[in-house]
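Dear colleague,

I am passing on a structure that I would like you to look through when you have time. My notes on it come after the model itself.

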Amino acid sequence: MRDNFFSVPLKISNNNFRTGKHGYTWGVHAQNSYILKTLGLTNKDLGIEPDEPVAEWWVVSDDVRFPSEVELKDGKVVSLTNILHEYPTEILGEKHFQKYGAYLGSILKLIDPAFSLSVQVHPAIGHPSRPPKPEVWLIESSIAPLYLGFNQNLSGKKLEKIFQDGTLESYLYEYMAKKGERICVDGGLVHAIRGGSTLWEWSYAPTKNDSKCGDIKKATVSLWDRTDGKNPRKGKEDINGSLDVLSDAHLRCNKNVYKLLSVPSVVSESIKLYSDGSGNEIIQMFKTLELVINELKVLSLIHLNDFEQGFQMFVKSGSVDVCDVSGKVLISLKKNDAVLVPASLKNICIKNKGQLFSKIFVWNAVL
Ligand SMILES: [Zn+2]
């Protein structure tokens, strides 16, 4: 066991990007990339050409193909996936490990498309042969509307007809989301992120339970790949799979998946969980059946006490020190830093370092 390994938050390296080389050809070119600009990087730092698409930054990921790297105190760099498998209960906590195995159960990405993505739909929880893949979006910037649900009442039959007629896209609801708005993309909600929208996406990531409810590839079905006039990829559009997912959500879960979109049903309202009256607040941004995502506004300090589950933290703005109960600084974090806080720490205090408040996202899979 490494010295003091679990006595500090595990620092995640900012180097996990999906570019054209990985098949993510719809991203904004490196020279104009919001992702790189946010991180103060250029294409040269990544060793890529200025016109290489940079589509996604995977902020914290234990994906088997593209895991985050962790920078240990001794300077060594290890794969997050490996370290989770080596020390699952110390990092994630006993209860989390019982439920999810040595997996986070979530992934945070910053998505920056130049071109529109396919129109997709994910299964509702409990689909007999497909795993769920709920996702939530926090809008970072938006100059183009999203597609969310339909702009009029349809039925399965009608959907099939407009798909065959090639007019489906004109039936999608265009929602112009504002910066800071939060969208819940529930199972059965037809959706597409379009070019011009930059957003943070938390979504479900595979855990030990996945084989029980079907292949994770079956969790995303593409209804329409011709979004905004792009050429559909061969075999990508799956109308039968989409109807299967939609009719299951409609019939088994009683969801209004074919109806005109009800905007309040997809916008997540924030709930103030804690306020000390002097500028320190904890705000619940999202709570779904799978994920809890809170925002900490730290003006002086916030204590997080008696936690039994490891969690992830991302500094959206400002800079903070993470301290133990005695006030000793465990790690200093600045804007864009992400850490995994081990369950074994149990108590931490987050202290703001600047004049303005720091904004921090904190999230974990639901126990
Ligand atoms: Zn999706």
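Below is what was found, from the whole chain down to one sheet.

Please bear in mind that this is a predicted model, in which local features need pLDDT of at least 70 and side-chain atom pairs count only at pLDDT 80 or more, while totals for chains, interfaces and linings use all residues. Residues are numbered from 1 along each chain as its sequence is written.

The protein chain contains seven helices and 25 strands, these being DSSP runs numbered from the N terminus (helices: H or I, at least four residues; strands: E, at least two). Its radius of gyration, taken over C-alpha atoms, is 21 Å, close to the 21 Å that the globule rule (2.2 Å times the number of residues to the power 0.38) gives for 367 residues, so the chain is as compact as a globular protein of that length. Along the principal axes, the C-alpha atoms fill a box of roughly 65 × 45 × 40 Å.

One open sheet is made of four strands in the order S19-S24-S21-S22, with antiparallel pairing, where two strands pair if DSSP finds at least two bridges between them. Strands S19 (301-304) and S22 (329-334) stand at the edges, each with a single partner strand, so one side of each is left without a neighbour in the sheet. Within this sheet, strand S21 (residues 319-323) runs antiparallel to S22 and is joined to it by five bridges, and Val322 stands opposite Ile331 in S22.

With best regards
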